[in-house]
Amino acid sequence: MLSRLMSGSSRSLEREYSCTVRLLDDSEYTCTIQRDAKGQYLFDLLCHHLNLLEKDYFGIRFVDPDKQRHWLEFTKSVVKQLRSQPPFTMCFRVKFYPADPAALKEEITRYLVFLQIKRDLYHGRLLCKTSDAALLAAYILQAEIGDYDPGKHPEGYSSKFQFFPKHSEKLEKKIAEIHKTELSGQTPATSELNFLRKAQTLETYGVDPHPCKDVSGNAAFLAFTPFGFVVLQGNKRVHFIKWNEVTKLKFEGKTFYLYEKKIILTYFAPTPEACKHLWKCGIENQAFYKLEKSSQVRTVSSSNLFFKGSRFRYSGRVAKEVMESSAKIKREPPEIHRAGMVPSRSCPSITHGPRLSSVPRTRRRAVHISIMEGLESLRDSAHSTPVRSSSHGDTFLPHVRSSRADSNERVAVIADEAYSPADSVLPTPVAEHSLELMLLSRQINGATCSIEEEKESEASTPTAAEVEALGGELRALCQGHGGPEEEQVNKFVLSVLRLLLVTMGLLFVLLLLLIILTESDLDIAFFRDIRQTPEFEQFHYQYFCPLRRWFACKIRSMVSLLIDT
């Protein structure tokens, strides 16, 4: 009896797993979950730890063994989703950016969104003009170190902190000037609120970029925002489609399709897993921002005529329900433990980016450039350049919607340099050799590495063979789809093979059903006529009867063995 109890307790211990979740302030939360624990259980534990009620905007992100990022699904087992060896490591992040972050009910929620957007600013996902960049950075300084104090903040104090991927001395002076003269007296909550109001007006607010290529093989970043679907290419926002104009999202292999009325946008992801992740993110964002009630959510299938393909259903509440629920919150505001800002050189969780003074003067520009004056805002503009999708046989000519194209079809310039949020493309948490991969990608694309980046990677510089191997892997990733023509041929061949397999399967099932009905005792004229034919009699005596006797013998022998035992 005692041995049974001990074995049972050991089995229960084996079913427990340690999970570490990295929070937005770079602290960590560790807990233990059972083997069959759902994602919702872990998320509720985390929100209870953070004292967070407006939790629908957030999610848990993890990386699978193939280095593909995923959002943890709350209706499925955590262990089965991660498919890796414990202990598990995940990240707590904003999954659905509020359309108006300043309208959030509780200060704790605004603070967490503030931390997320601050990360977006640092990793290059949030672009803005130089004046806006200086103002946002000054808000961060005011929120985290308080009012300017000459005794505590010597000349050049703003240069000790890293707000953007790249800094310039001019920008640092502007940040310090705004912090000294314009923000004195603002509390952390007020500065964070002003930061959110300013960030919400920017073109790339809420962008979580997915690297892809278009039908011409050009690099692009696809993203889903609170207002619609966005494509960033080079230094321009080439497409923006409102959520109510998106009619369908679909993927096949590495190919992603977005349907908008008569226009089909086609893009190619690096891998089928990345394409499926992109599709699922699109389904969830469209359901969250577009629908009025969660009861309107339907299971979505990315399939063709004969096969189901992937099926997915968004399981949470929609934005309107979240806002209505937040309005009913009545409690004392929870205490917020803000993490004080420290210089980037002593912060282990942040790798400080290069200053512009370390690169040639011709490249010494402001961090971000202003959006073209007079362009429509992200909410009010809804335009999309027609794209030819050869896989569907539809030809879209440039004169489609020409009346709108002449007046409203304008491309928004979002930055002076190409939009390249390198850190957001890498897995989260960052995998090993991520720095070497990032440097290699820049060298392959013709971009020079900064002096500081070379110093940071000098200690762990790979050998020539390793560099060549990593470079080959990266080139294979960038050129994995093999061109749109090859993709279309492969899809056609796969469709034909599927059709043949399904047809053969149906014929086999029908033939088997016909044999069973014919050999039965059904007294139907059709089956009587078949039984009287010479061919059937030959089949019956030469094949069916011996086969039936063989099965009967096997069954009798199995029954006798069971009786003997």
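Two strands count as paired here if DSSP finds at least two bridges between them. Keep that in mind for the views below, which come from a predicted model.

**View 1. Strand β5 and its neighbour β3.** These two strands clear the bar with four bridges, and they pair in the antiparallel sense. To find one of the contacts, look for F58: its bridge partner in β5 is V94.

**View 2. Strand β5 and its other partner here, β1.** Strand β1 covers residues 16–22 and runs parallel to β5, with four bridges joining the two. A handy place to start is C19, whose bridge partner in β5 is F88.

**View 3. How covered is strand β5?** Mostly: β5 spans residues 88–94, and six of its seven residues are buried. As a rule, side chains in a regular strand alternate between the two faces of the sheet.

**View 4. The middle of the second largest pocket.** This pocket has a volume of about 850 Å³. It is lined by 36 residues, and those closest to its centre are W71, L72, E73, E284 and F312.

**View 5. The walls of the second largest pocket.** Which elements give two or more residues to the lining? They are α2 (39–50), β3 (58–63), β4 (69–71), α3 (78–82), α8 (272–290) and β14 (310–312). Helix α8 gives the largest share, seven residues. Sorted by class, the lining of this pocket holds 15 charged, twelve nonpolar and nine polar residues. You've already met β3: besides helping to line this pocket, β3 pairs with β5 in View 1.

Definitions and conventions:
Residues are numbered from 1 along each chain as its sequence is written. This is a predicted model: local features need pLDDT of at least 70, side-chain atom pairs count only at pLDDT 80 or more; totals for chains, interfaces and linings use all residues. Side-chain values use heavy atoms; hydrogens and water are left out. On a 1 Å grid over the protein atoms alone, a cavity is a set of points where a 1.4 Å probe fits but cannot get out, and a pocket is an open set with protein on both sides within 12 Å along at least five of seven lines; lining residues have an atom within 4 Å of a point. Grid points are joined across faces, edges and corners, and a volume is the space filled by probe spheres set on the points. Ala, Val, Leu, Ile, Met, Phe, Trp, Tyr, Cys and Pro count as nonpolar, Asp, Glu, Lys and Arg as charged, and the others, Gly among them, as polar. Buried means under 20% relative accessible area, exposed over 50%, partly exposed in between (1.4 Å probe, protein chains only).
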